[in-house]
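Work through these exercises with the structure open beside you. Each task is followed by a solution in steps.

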Amino acid sequence: MRKILVTTYTNPDLDGCACMTAYAELLRRQGKDAVAGYFGEPQQDAKFGFEKAGQKLPDKVSGQDYDEVVLVDVSNVQRLDESIDPKKVVEIIDHHEPDLDDFPSAKAQIEHLGAVATLVAERVKQANQLPSKEVAKTLQLAILHGTINFQAKLSTQKDKEMFEWLSSVSLVSQEDIDKFFRMITTFSGTLLDFLRDDFKDFDVEGVKFGIAAMLIFGLDDFLKKNKQEVLEALEILKQEKSLEYVWFGCTDLKNASSYFLVPDDKTEKLVAEGLGLSFSNHESRVSEIVLRKENLKQMTEYLKGK
Ligand SMILES: [Mn+2]
């Protein structure tokens with residue numbers, strides 16, 4: 001039987017880990033030899049979500065050991081471990097701006113919604129299955145995270161419906177939700193390490209840029225303490241990844257708003273034009289929750305339309 005690896009981008013977040021675990025579980029029930037496996041180090045939200053759900057994190061793997069690969073929460077070859085041969089990728093389920101040219105054998109489902117966990121839950125439902133209780137809970141927390149508790153602009157009706165459907169298997173208490181958001185807005189270690197863990201860089205039409213993103217609780221306090229450190233971190237990440245532009249984009253859960261900080265005038269110009277934001281002193285505030293994947297989609301459209 002063909003060995004199938006279900007995986008996601010290196011250093012996965014909760015959405016990636018929950019989806020690979022849930023989708024591998026579904027494929028096994030359908031008689032396939034599928035396992036979930038990751039590369040790098042799972043992010044803080046993934047570790048916490050799995051612990052809360054009483055679910056073991058998937059195993060660390062190597063891409064060469066499998067005949068076929070299924071990707072969840074990623075559709076860009078630059079985000080993958082080098083041991084994965086893009087030609088082995090047979091299926092992709094994602095909600096990021098896709099780059100499908102590199103995956104000639106893959107059938108892809110790309111929907112711009114809060115969490116891929118929503119799409120995987122839908123697959124399980126369509127197969128007339130119920131996920132195990134632990135898996136259901138990781139999917140629910142991933143949906144809450146991806147939609148920012150259904151407050152994010154990209155949150156959809158389908159995210160809500162699948163969360164409700166999963167509630168028949170696993171009830172997430174308000175206390176769990178509060179704890180979860182408290183945890184993911186608190187960082188241990190240095191701000192640079194925290195931003196680096198979740199940093200994403202892109203190359204669109206030869207324009208190399210990176211976005212440091214985070215969720216916080218209380219923007220003004222955060223900036224008072226950390227603004228200078230954010231700027232220093234941006235400079236370091238820019239050097240490390242040899243990028244032309246880097247910026248910081250964060251979501252403030254306290255006020256359901258977003259904030260952007262750029263290090264220089266040329267980045268301000270790009271971000272202002274590409275994302276349609278107005279800046280003052282390299283800062284921009286927006287009174288809605290706009291996430292990085294939406295920024296990327298908009299910036300990609302802008303750069304490709306240029
Ligand atoms: Mn995701």
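## Exercise 1: A strand pair and its sheet

Strand β9 (residues 245-252) and strand β10 (residues 257-261) pair in the antiparallel sense, over five bridges. The model is predicted.

**Task.** Find which residue of β10 stands opposite Thr251. Then place the pair in its sheet and name the strands at the edges.

**Solution.**

Step 1. Ser258 in β10 is the residue opposite Thr251.

Step 2. Write out the sheet. Five strands run in the order β7-β8-β9-β10-β11. The sheet is open, and its pairing is mixed.

Step 3. Go to the edges. β7 (200-204) and β11 (283-286) each have a single partner strand, so one side of each has no neighbour in the sheet.

Step 4. Add the twist. From one strand to the next it averages 20°.

Step 5. Look at the loop between β9 and β10. Ala256 sits there. Its phi is positive, about 45°, although Ala256 is not a glycine. Ala256 counts as partly exposed because it has 14 C-beta neighbours inside 10 Å.

## Exercise 2: Helices on the sheet

**Task.** State which strands α8 lies across and which strands α10 lies across. Then describe how α9 and α10 cross.

**Solution.**

Step 1. Take helix α8 (residues 219-240). It lies across β8 (207-216), β9 and β10. Its direction is at about 155° to β8.

Step 2. Take α10. This helix lies across β7, β8 and β9, and runs at about 20° to β7.

Step 3. Now compare axes. Two packed helices are described by the angle between their axes and the distance between the axes. For helix α9 (residues 265-275) and helix α10 (residues 292-304), the axes come within 8 Å and cross at roughly 95°. That makes α9 roughly perpendicular to α10.

Step 4. List the contact residues. α9 supplies Glu273, Gly274 and Leu275. α10 supplies Asn295, Gln298, Met299, Tyr302 and Leu303. By class, this contact has four nonpolar, three polar and one charged residues.

Step 5. Follow the chain into the loop between α9 and β11, where Phe279 is found. Beyond its neighbours within four places in sequence, Phe279 is in contact with Glu268, Ala272 and Ser284. Its 17 C-beta neighbours inside 10 Å make Phe279 partly exposed.

## Exercise 3: Buried or exposed?

**Task.** Classify Val74 as buried or exposed, and list its contacts. Then do the same kind of classification for Asn11.

**Solution.**

Step 1. Locate Val74. It is in the loop between β4 (68-72) and β5 (89-94).

Step 2. Count neighbours. Val74 has 25 C-beta neighbours inside 10 Å, so it counts as buried. The cut-off for buried is 20 or more.

Step 3. List contacts, leaving out residues up to four places away in sequence. Val74 touches Thr8, Tyr9, Arg79, Leu80, Asp94 and His96.

Step 4. Check a residue that lies elsewhere. Val74 and Lys52 are 22 residues apart in sequence and 24 Å apart in space, C-alpha to C-alpha.

Step 5. Turn to Asn11, in the loop between β1 (3-7) and α1. With 19 other C-beta atoms within 10 Å, Asn11 is partly exposed. Its phi is positive, near 60°.

## Exercise 4: What covers α3?

**Task.** Find which residues of helix α3 (residues 116-126) are buried, and which elements cover them.

**Solution.**

Step 1. Read along the helix. The buried residues are Val116, Ala117, Thr118, Leu119, Val120, Ala121 and Val124.

Step 2. Identify the cover. It includes α1 (14-29), β4, β5, β6 (107-110), α4 (133-146) and α5 (157-167).

Step 3. Step past the helix end. Just after α3, Asn128 has a positive phi of about 55°.

## Exercise 5: Two domains

**Task.** Give the domain bounds. How far apart are the C-alpha centres of the two domains, and how many residues of each are in contact?

**Solution.**

Step 1. Set the bounds: domain 1 (3-182) and domain 2 (191-304).

Step 2. The C-alpha centres of domain 1 and domain 2 lie 25 Å apart.

Step 3. At the contact, twelve residues of domain 1 meet 14 residues of domain 2. On the domain 1 side, the classes are four nonpolar, six polar and two charged residues.

Terms used: Residues numbered from 1 in each chain as written. Predicted model: local features only at pLDDT ≥ 70, side-chain atom pairs only at ≥ 80, totals over all residues. Axes fitted to C-alpha atoms, helices over the stretch in contact; angles between N-to-C directions. Helix = DSSP H or I, 4+ residues; strand = E, 2+ residues; numbered from the N terminus. Parallel < 35°, antiparallel > 145°, perpendicular 65-115°, else oblique. Contact = placed C-beta atoms within 7 Å. Nonpolar A, V, L, I, M, F, W, Y, C, P; charged D, E, K, R; others polar. Domains from an automatic or database assignment. Buried ≥ 20, exposed ≤ 12 C-beta atoms within 10 Å, placed from the backbone. Pairing = 2+ DSSP bridges.
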